[in-house]
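Please open the model in your viewer and keep the selection panel at hand, since this tour moves from one selection to the next. Which pairs of charged side chains, and which strands, are worth selecting?

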Amino acid sequence: MKNVVIIILLVLMSSTFTLSQIPLWQKTSDSFNEPISTLATSAKGYISAGTYGKGIYCSKDRGESWHSIGLQNKSIWSIAINSKGHIYAATSHKGVFYSTNEGQTWTQINAGLDSSSYGDIIVNDLAFDQNDNLFATASYRDMYRLTANDSTWERIHFQKSSQIGRAHV
């Protein structure tokens with residue numbers, strides 16, 4: 001038994017694997033104090049953070065500093081960024097907004113999306129495919145597609161047996 005313990009210790013000590021090789025999470029900044037609901041990155045390496053009730057914030061320096069890029073007073077449930085860098089944001093009650101200029105201005109794009117019985121348009125998740133077609137799940141029951149260069153959502157019909165919460169393409 002003593003020989004087994006010694007062999008195990010020798011193997012562990014001679015291993016090239018060390019704890020310093022394990023990636024560790026580290027806080028990037030104390031300047032961001034909003035509750036984050038979703039994250040997305042752009043091809044430029046920018047990070048967009050959706051918040052609960054405070055809109056979208058962006059970091060251009062790997063999370064060291066953050067600035068608001070709009071949709072203040074809205075809860076952001078999902079962010080998707082296409083290959084052109086256009087930002088799309090799913091909100092909890094106002095549908096989808098998009099920006100073609102890194103958040104300087106925002107346009108609502110809800111044509112074709114069904115509203116809830118309360119009149120809200122609840123979009124849960126967004127995801128782009130390789131052709132820049134945007135997919136959305138809405139009100140936990142429906143899926144929609146917005147093809148590149150289109151302005152009206154198309155409902156995708158499929159056999160569904162349960163609620164839809166997230167979309168990943």
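The tour below goes first to a sheet and then to salt bridges, in a model that is predicted.

**First stop: the open sheet**

Select strands β1 to β4 and colour them separately; these four strands form an open sheet in the order β1-β2-β3-β4, and their pairing is antiparallel. At the edges lie β1 (36-41) and β4, each of which pairs on one side only. If you look along the sheet, note that neighbouring strands are turned against each other by 30° on average, with direction ignored.

Now narrow the selection to β3 and β4, which run antiparallel and are joined by three bridges. Show C58 together with H67, a residue of β4, and you will find that the two stand opposite each other.

**Second stop: K60 and E102**

How many salt bridges does a search of the whole structure find? The search returns five, and a good one to select next is the salt bridge between K60 and E102, whose closest N and O atoms are 3.5 Å apart. K60 lies in the loop between β3 (56-59) and β4 (67-70), while E102 lies in the loop between β7 (96-99) and β8 (107-108), so the pair ties together parts that are 42 residues apart in sequence.

Are these two side chains buried, partly exposed or exposed? K60 is partly exposed, with a relative accessible area of 46%, and E102 is also partly exposed, its relative accessible area being 31%. Add K44 to the selection, and you have a network of salt bridges that links K44, K60 and E102.

**Third stop: strands β11 and β12**

Move on to R155 and D142, whose side chains meet in a salt bridge with an N to O distance of 3.7 Å. This pair links distant parts of the chain, 13 residues apart, with R155 in strand β12 (residues 154-156) and D142 in strand β11 (residues 142-146). With a surface display switched on, compare the two partners: R155 is partly exposed at a relative accessible area of 31%, whereas D142 counts as buried, with 6% relative accessibility.

Finally, select E154 and R145, which form a salt bridge in which the closest N and O atoms are 3.3 Å apart. E154 is partly exposed, with a relative accessible area of 39%, and R145 is likewise partly exposed, with a value of 25%. As background for these stops, side chains of opposite charge can pair when their charged atoms come close.

Terms used: Residues numbered from 1 in each chain as written. Predicted model: local features only at pLDDT ≥ 70, side-chain atom pairs only at ≥ 80, totals over all residues. Heavy atoms only, no water. Salt bridge = Lys/Arg side-chain N within 4 Å of Asp/Glu carboxyl O. Buried < 20%, exposed > 50% of the residue type's maximum accessible area, 1.4 Å probe, protein only. Pairing = 2+ DSSP bridges. Axes fitted to C-alpha atoms, helices over the stretch in contact; angles between N-to-C directions.
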